[in-house]
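Reader: I'm new to this one and would like to know what stands behind the words people use for it. Can we go through a few of them?

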Protein chains: 2
Amino acid sequence: MGGGAAADLSQAEAFARIRLLRSPNIGPVSYRQLLARFGTAIAALDALPDLAGRGGKPYRIAAEGRVHDEIVALRKAGARYLFHDSPDYPALLLSAEGAPPILTMRGDPALAARPCVAMVGARNASAAAVRLARDFAHALAAEGYTVVSGLARGIDGAAHEGALAGGGGTIGVIASGIDIAYPPEHTGLQERVAQEGLLLAEQPPGTDPLARHFPARNRIIAGLAAGTLVVEAAPRSGSLITARLAGEMGREVMAVPGSPLDPRSHGCNQLIRDGAVLVQSPADVIELLCGFDGMPRSTFREDAPQWDAADIEAAEPADLAARLTTAPISVDELIRQSGSGAAAVQLALLELELAGRLIRHAGGRVSLSG
Amino acid sequence: MGGGAAADLSQAEAFARIRLLRSPNIGPVSYRQLLARFGTAIAALDALPDLAGRGGKPYRIAAEGRVHDEIVALRKAGARYLFHDSPDYPALLLSAEGAPPILTMRGDPALAARPCVAMVGARNASAAAVRLARDFAHALAAEGYTVVSGLARGIDGAAHEGALAGGGGTIGVIASGIDIAYPPEHTGLQERVAQEGLLLAEQPPGTDPLARHFPARNRIIAGLAAGTLVVEAAPRSGSLITARLAGEMGREVMAVPGSPLDPRSHGCNQLIRDGAVLVQSPADVIELLCGFDGMPRSTFREDAPQWDAADIEAAEPADLAARLTTAPISVDELIRQSGSGAAAVQLALLELELAGRLIRHAGGRVSLSG
């Protein structure tokens with residue numbers, strides 16, 4: 001699989017894992033539950049049509065040819081897969097809720113094992129903020145930190161450039177496939193990150209950077225880092241989503257303040273009002289992250305249920321669907337209300353998800369789709 | 001005494017109070033203790049030579065002629081005295097440690113009874129910060145807040161101007177005598193504050209604005225207000241002292257952030273790191289101060305000891321002086337260590353103070369002078 005999958009993973013199992021994740025309505029949670037239930041992706045794929053078929057509609061596993069093509073494209077891009085149980089998979093990211101079961105990567109995965117700090121901010125940032133981002137990244141990289149960002153215009157690009165100039169590590173996480181550069185003017189920078197740093201993508205090769213992929217990309221940025229620093233951000237911007245995700249993961253959230261007279265500062269200032277740490281210098285960042293007690297602890301399997309034949313009998317997706325609405329509710333609450341066992345409820349939810357009727361939200365919450 | 005002293009205060013007692021406070025080595029604490037012990041300033045003045053003489057050196061009460069001259073100068077300036085027990089004395093200020101026993105004033109003392117917010121900042125503030133200060137003060141005054149500041153260049157002046165333009169109240173607290181305008185270019189503004197707002201001075205008329213008077217002036221600004229807002233301030237500036245004093249008084253401390261690239265923002269940013277509330281708008285200030293539970297409660301007499309003849313016998317200023325250094329120590333700690341009664345220790349401290357050998361610090365601490 002491109003030369004570096006988990007050492008003990010057979011080619012067939014690696015292929016099956018990719019095929020499983022690319023199949024309809026499979027997300028990190030259902031992938032994890034299926035792997036936990038069936039032991040291997042090969043076995044999960046065998047069981048999937050029956051399980052998904054209980055939803056009523058026919059279910060089509062991802063075509064083998066599509067997976068073959070993906071692997072060819074990945075090799076062509078000089079990239080390889082990173083499975084959740086690979087020693088190279090970033091440990092801090094693995095401990096985050098909804099961590100991608102499979103990443104694609106180019107470059108040096110060891111950079112993710114250093115202390116990582118995410119730097120994010122506005123694409124249309126002020127010249128002063130761009131300079132500040134570059135200076136911060138330069139100083140942090142020179143101190144041995146890996147600077148994580150999203151290769152977007154503005155703050156992201158400045159962060160990568162500063163870290164590279166600082167002679168240190170940087171990780172670029174992109175919303176497209178790993179073989180696509182966006183924005184076009186960052187093609188050279190993305191190549192440098194892949195050559196000198198680490199480039200990560202969750203979407204398969206060939207995927208365009210669609211708007212709906214950006215929040216998922218942001219959770220990876222937040223999940224890789226001990227803390228996220230927002231340099232300049234307007235209210236309701238993607239950078240603030242990354243900061244919120246970092247906070248929900250128990251990571252440090254930091255922001256660079258600015259004058260209230262500049263609307264581009266309002267997001268950071270509000271973040272500080274909401275509890276983010278105001279930072280004025282790279283030293284402030286280092287001081288804070290030195291105290292980060294983020295011993296990575298994998299949550300990848302901990303809430304994966306082990307269901308058996310009796311659970312499959314007891315699972316009543318239709319009953320459960322009747323209890324759900326489009327407003328998210330926690331799975332724990334559903335289990336309490338249902339009177340069924342946890343495993344039966346989890347299985348019913350999985351069936352609804354495979355049928356495309358369920359959406360999973362952060363914090364272990366679910367809702368009906370549309 | 002200029003037309004508005006406490007209603008039940010005789011001319012003779014008011015005169016004696018002024019004379020007492022202007023006598024050597026009398027500060028707010030010793031003034032309070034003497035008034036508490038002797039009932040009236042007239043009686044305190046009678047006792048003062050004996051009490052002070054126990055220090056060894058001769059002690060000269062302020063000359064009557066000097067007090068007469070002060071009163072004439074005050075009348076000429078159109079000002080009057082405000083004694084601590086006057087109903088016009090600002091209640092919140094009275095609850096602050098070391099509140100001035102006597103203020104001089106021009107204008108409308110009722111402005112201090114409205115919710116007050118102090119606005120302070122750099123004299124060499126940026127044009128943007130000056131504009132922001134004016135806009136904030138305008139909006140706060142229009143909402144019925146009284147804006148308190150120090151009539152200095154930069155932020156102070158902008159705060160007063162904004163409040164006046166907002167049609168609301170403003171209080172100027174100056175470090176000089178009330179008949180002296182400083183800086184010269186604020187002569188017109190100071191007159192407007194006296195005519196349309198309230199002008200306060202602790203120093204007697206004719207006093208030049210000496211550097212050592214500014215911290216004392218700052219404590220009055222902080223003491224008058226439910227909260228202090230620092231608009232732009234360099235590290236180690238007077239504005240930060242005002243903010244610290246406000247915090248020590250249990251008042252709200254607020255700061256307007258700025259870019260780390262501008263050194264003039266560093267004081268405010270550091271203040272926010274240290275726990276001050278970041279504010280971006282007048283609405284943020286109002287939201288915070290609405291929750292201010294600063295019911296004024298006079299502490300003016302509460303720790304004034306009542307000593308008697310036995311205490312005067314027991315007081316051993318020399319022994320106490322031997323236990324003191326130039327490093328401040330709390331009076332409570334001294335009392336614990338001394339084995340004497342609290343009243344005897346307080347009296348011994350008073351005698352050292354009258355002899356010019358004691359300095360009183362914030363938080364009820366004392367040290368030897370030089």
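**Two copies and a helix**

Author: Sure. A 180° rotation, with 0.1 Å of shift along its axis, lays chain A onto chain B with an RMSD of 0.0 Å. Keep in mind that this is a predicted model.

Reader: What makes the two copies related as by a two-fold rotation axis?

Author: The rotation is 180°, so the copies are related as by a two-fold axis. In chain A, Gly258(A) comes closest to that axis, its C-alpha lying at 2.0 Å. The same surface serves both copies, with 100% of chain A's contact residues recurring in chain B.

Reader: Why is the meeting of Arg273(B) and Asp284(A) called a salt bridge?

Author: The cut-off is 4 Å from a side-chain nitrogen of Lys or Arg to a carboxyl oxygen of Asp or Glu. Here the N to O distance is 3.4 Å, so the pair qualifies under that 4 Å rule. Across the interface of chain A and chain B, the rule finds four salt bridges.

Reader: How much area do chain A and chain B bury between them?

Author: About 1600 Å², with 61% of it on carbon and sulfur atoms. Leu261(A), Arg273(A) and Gln280(A) supply 41% of what chain A buries against chain B, more than any other three residues.

Reader: How do you know that helix H2 of chain B is largely enclosed?

Author: Buried means under 20% relative accessible area. Eight of the 11 residues of H2(B) are buried, so the rest of the structure largely encloses this helix. Among the buried ones are Tyr31(B), Arg32(B) and Leu35(B). Their cover includes helices H1 and H3 of chain B.

Conventions
Residues numbered from 1 in each chain as written. Chains lettered and ligands numbered in written order. Predicted model: local features only at pLDDT ≥ 70, side-chain atom pairs only at ≥ 80, totals over all residues. Heavy atoms only, no water. Least-squares fit on C-alpha atoms with pLDDT ≥ 70 in both. Contact = heavy atoms within 4.5 Å. Buried < 20%, exposed > 50% of the residue type's maximum accessible area, 1.4 Å probe, protein only. Helix = DSSP H or I, 4+ residues; strand = E, 2+ residues; numbered from the N terminus. Buried area = accessible area lost by both parts, 1.4 Å probe.
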